[in-house]
Amino acid sequence: MKSAISSTTTLLSSKNLSLKLHLNHSPFSRLPSSFFGSKSNTHFASLLIRNNSFHNQKSQIHTPIMATSFKPEQARAPPALPLPVPPVTKFKIGLCQLSVTADKERNIAHARKAIEEAAASGAKLVMLPEIWNSPYSNDSFPVYAEDIDAGGEASPSTAMLSEVARHMKITIVGGSIPERSGDRLYNTCCVFDSDGKLKAKHRKIHLFDIDIPGKITFIESKTLTAGETPTIVDTEVGRIGIGICYDIRFQELATIYAARGAHLICYPGAFNMTTGPLHWELLQRARATDNQLYVATCSPARDVAGGYVAWGHSTLVGPFGEVLATTEHEEDIIIAEIDYSLLEVRRANLPLTKQRRGDLYQLVDVQRLKSGS
């Protein structure tokens, strides 16, 4: 009998302790301790707490907001285009990391040889580095610049790209070269199809104007003019968005390309020895992961004796942010496979398009909005 009474006392003490702990975090915490001395008061307080707890539970009950109510289609203006069916599902890409010298003729011949080698290895898309026909300097840009629109002898670099694309039956993302148009200079990438036709011309939108004391100072705007138009092009190997080097830092441009149905974004670039180790791979993987598409980059090879020293490390990144192929800083040709079927798989795994909060934010594609497309 004694043990039964002891157990009951312990149980009541435990209840009272639990009650008091609960009260410490309730509106009754300000009541005097004597209030809880009698059974009737304790029972009354317990009833009040249970009622209050039930009221709180009721106030916390809510109907889950469905993803459709987030208005994901409004997160892009105009609405994002569906991913188009690509002409091919799998193909090989060639990234030609080239050494660049002050000898323009040598640079052109050297680039041609590398393109032919990549094509012979099965590449259907070949990509060159940023500023591959000229040293990377403000002093060199005006000297090496070509009139791309005039073509022929006025632009021997693009004439070579057109010819080798037609000869090898490949698509070429021609890195970039200095372009002269009237009294302006641009940093320009040309895309050629397998017939040698110029399909697109992208002028670098974001100019590389930086000053990191004790590290690097480079002001492209001293000589170059910024491009005005995002560039996306349908090719024989899919829909490709084009950016040049510094363009990769601006996620809005990549997001616009994704919303226009790009399968792949190509960034010829020449990150330097300060920002390259920190940001080059990071930015490529971020652009690919955020937009669930392929990202390819191509850099000049490193020349430690040059006025501008490139980081190198040309890379192909997949739609899950995985590095599929890369290299170090020396001259090299990367041959890697792109499989567009993975785009749908990754987007099904992480349905970001259906989860965007168009009720909270929106990215506006000004060019599409103005054109009404």
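Here is a short chat between a visitor and a guide about the structure above.

Visitor: What kind of model is this, and what pLDDT do local features need?

Guide: Residues are numbered from 1 along each chain as its sequence is written, and side-chain values use heavy atoms, with hydrogens and water left out. This is a predicted model in which totals for chains, interfaces and linings use all residues, side-chain atom pairs count only at pLDDT 80 or more, and local features need pLDDT of at least 70.

Visitor: How many salt bridges does a search of the whole structure find?

Guide: The test is a side-chain nitrogen of Lys or Arg within 4 Å of a carboxyl oxygen of Asp or Glu. Searching the whole structure that way gives 14.

Visitor: Lys104 forms a salt bridge with Glu146, so how many residues apart in sequence are the parts that the pair ties together?

Guide: The closest N and O atoms of Lys104 and Glu146 are 2.8 Å apart. Lys104 lies in helix α3 (residues 104–120), while Glu146 sits in the loop between α4 (140–144) and α5 (156–168), so the parts tied together are separated in sequence by 42 residues. Helices here are DSSP runs of H or I with at least four residues, strands are E runs of at least two, and both are numbered from the N terminus.

Visitor: Is Glu146 buried or exposed?

Guide: Buried means under 20% relative accessible area, exposed means over 50%, and partly exposed is in between (1.4 Å probe, protein chains only). Glu146 has 1% relative accessibility, so it counts as buried.

Visitor: Which helices do Arg112 and Glu163 lie in?

Guide: The side chains of these two, Arg112 and Glu163, meet in a salt bridge at 3.4 Å, N to O. The pair ties together parts that are 51 residues apart in sequence, because Arg112 lies in helix α3 and Glu163 in helix α5.

Visitor: Which residues are linked with Asp149 in a network of salt bridges?

Guide: Networks aside, there are also pairs such as Asp195 and Lys169, whose side chains meet at 3.9 Å, N to O. The network with Asp149 links Glu179, Lys201 and Arg203.

Visitor: What is the angle between the planes of Phe271 and Trp280?

Guide: Rings of Phe, Tyr and Trp (its six-membered ring) pair if their centres lie within 6.5 Å; planes under 30 degrees apart count as stacked, over 60 as edge-to-face and the rest as tilted. The structure holds 10 aromatic pairs. Phe271 and Trp280 form a tilted one, with 4.8 Å centre to centre and planes at 40°.

Visitor: Which residues form the aromatic cluster with Tyr136?

Guide: Phe271 and Trp280, both buried, are not listed in this one. The cluster joins Tyr136 with Phe141, Phe208, Phe218, Tyr246, Phe250 and Tyr308.

Visitor: What is the omega of the cis peptide bond that joins Ala77 and Pro78?

Guide: Most peptide bonds are trans. Pro78 lies in the loop between β1 (76–77) and β2 (90–97). The cis bond from Ala77 to Pro78 has an omega of about -5°.

Visitor: What is the phi of Ile131?

Guide: Most residues other than glycine have a negative phi. Ile131 is in the loop between β3 (123–127) and α4, and its relative accessible area is 2%, so Ile131 is buried. Although not a glycine, Ile131 has a positive phi of about 45°.

Visitor: How far apart in space are Arg357 and Ala75?

Guide: Arg357 is in the loop between α9 (352–355) and β17 (363–364). In sequence, Arg357 and Ala75 are 282 residues apart, but C-alpha to C-alpha the distance is 6.1 Å.
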